[in-house]
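User: I am new to this structure and would like to learn how to read the surroundings of a ligand. Could you take me through it step by step?

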Amino acid sequence: MRLVKFVEFSRKIVAVGKNYAAHIKEMGSEVPSKPVFFLKPATAYVTEGNPIKIPKGCTELHHEVELGVIIGRKACDVEEKDAMDYVGGYTVALDMTARDWQLDAKSAGLPWSLAKGFDTSCPVGQFIPKEQISDINSLPLWCKVNGQMRQNGNTKDMILKVPFIVSYASNFFTLEPGDLVLTGTPSGVGQVKAGDCIEAGLGDIVKIKFDVVNKEK
Ligand SMILES: O=C(O)/C=C/C(=O)CC(=O)C(=O)O
Ligand SMILES: [Mg+2]
């Protein structure tokens, strides 16, 4: 199995949220007492050359740039000290979020599945082998909209670090080769509209560019 093509065989996207203090603050949220996880289906992936589609009825689509961790080996109940052995590599990803739907769901105490899991809600870049990144805890991650910097963060500000996230998630979801683990977004999230162009990256190691369109049908 070649992880380079992880999108073709990945079965799920496991995402952690509320993992950067500045983003928690900008959302007016509280630091959670336990890790917050949600899932996106594999149908959420979109790769470069294809647009991000605003789902019908969404009035406030937000970008959230995130470090994506790509699982290299089946991981079930792994200990934190061993977790990096199960990581194959990394990518840059966008956790596209229908913020209006998420706020409705939050106030009704309902799940975020539609807000976070609609088709094209997970744009991703290419696979970067883990050996190519010397320090995953000190990596700039950024997002521009129409050439303007919106998010300019660094993985050093993650509250939960990659080994903990992989280990914790593996206690509940068996992580399989190719699966993507999203690690939360730094501050600066904001709205995009049809006609916008989003660029995002991990430093200058990997970069993505996507157009935003309205979903037609
Ligand atoms: O606190 C909120 O209202 C929203 C949080 C999120 O959308 C969680 C994430 O996806 C994240 O922090 O990256
Ligand atoms: Mg997110």
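User: Which helix gives the largest share of the shell around ligand 1?

Analyst: Bear in mind that this is a predicted model. To read a shell, one asks which elements its residues come from, and here helix H3, spanning residues 99-108, supplies the largest share around ligand 1 with three residues. The shell as a whole holds 16 residues, and the closest are Lys 18, Ser 29, Asp 95, Lys 106 and Lys 116.

User: How many residues of the shell around ligand 1 are nonpolar, polar and charged?

Analyst: Sorting by class gives a picture of the surroundings: seven charged and six polar residues stand beside three nonpolar ones.

User: Which polar side-chain or backbone atoms lie by an oxygen atom of ligand 1?

Analyst: Here one looks at individual atom pairs. Ser 29 places a polar side-chain atom 2.6 Å from an oxygen atom of ligand 1, while for Lys 18 a backbone N or O atom lies 2.8 Å from a ligand oxygen. A polar side-chain atom of Arg 99 is found 3.1 Å from an oxygen atom of the ligand. Taken alone, ligand 1 exposes 350 Å², and the protein buries 100% of that area. The space that ligand 1 takes is the largest cavity.

User: Where does UniProt place a domain?

Analyst: A record can add a label to a stretch of chain, and the unreviewed UniProt entry places the feature "domain: Fumarylacetoacetase-like C-terminal" at residues 12-212. In the model, that span is 37% strand and 15% helix, and its end C-alpha atoms lie 23 Å apart.

Methods: Residues are numbered from 1 along each chain as its sequence is written. Chains are lettered from A and ligands numbered from 1 in the order in which they are written. This is a predicted model: local features need pLDDT of at least 70, side-chain atom pairs count only at pLDDT 80 or more; totals for chains, interfaces and linings use all residues. Side-chain values use heavy atoms; hydrogens and water are left out. A residue is near a molecule or strand if one of its heavy atoms lies within 4 Å of it. A polar contact is a pair of N or O atoms within 3.5 Å; within protein, one must be able to donate a hydrogen and the other to accept it, and residues adjacent in sequence count only if both atoms are side-chain atoms. Accessible areas come from the Shrake-Rupley method with a 1.4 Å probe; for residues, only the protein chains shown count as cover. On a 1 Å grid over the protein atoms alone, a cavity is a set of points where a 1.4 Å probe fits but cannot get out, and a pocket is an open set with protein on both sides within 12 Å along at least five of seven lines; lining residues have an atom within 4 Å of a point. A molecule sits in a cavity or pocket if more than half of its atoms lie within 2 Å of its grid points. Helices (H or I, at least four residues) and strands (E, at least two) are DSSP runs, numbered from the N terminus. Ala, Val, Leu, Ile, Met, Phe, Trp, Tyr, Cys and Pro count as nonpolar, Asp, Glu, Lys and Arg as charged, and the others, Gly among them, as polar. UniProt positions are given in the numbering used here, feature names are shortened, and annotations may be inferred rather than shown by experiment.
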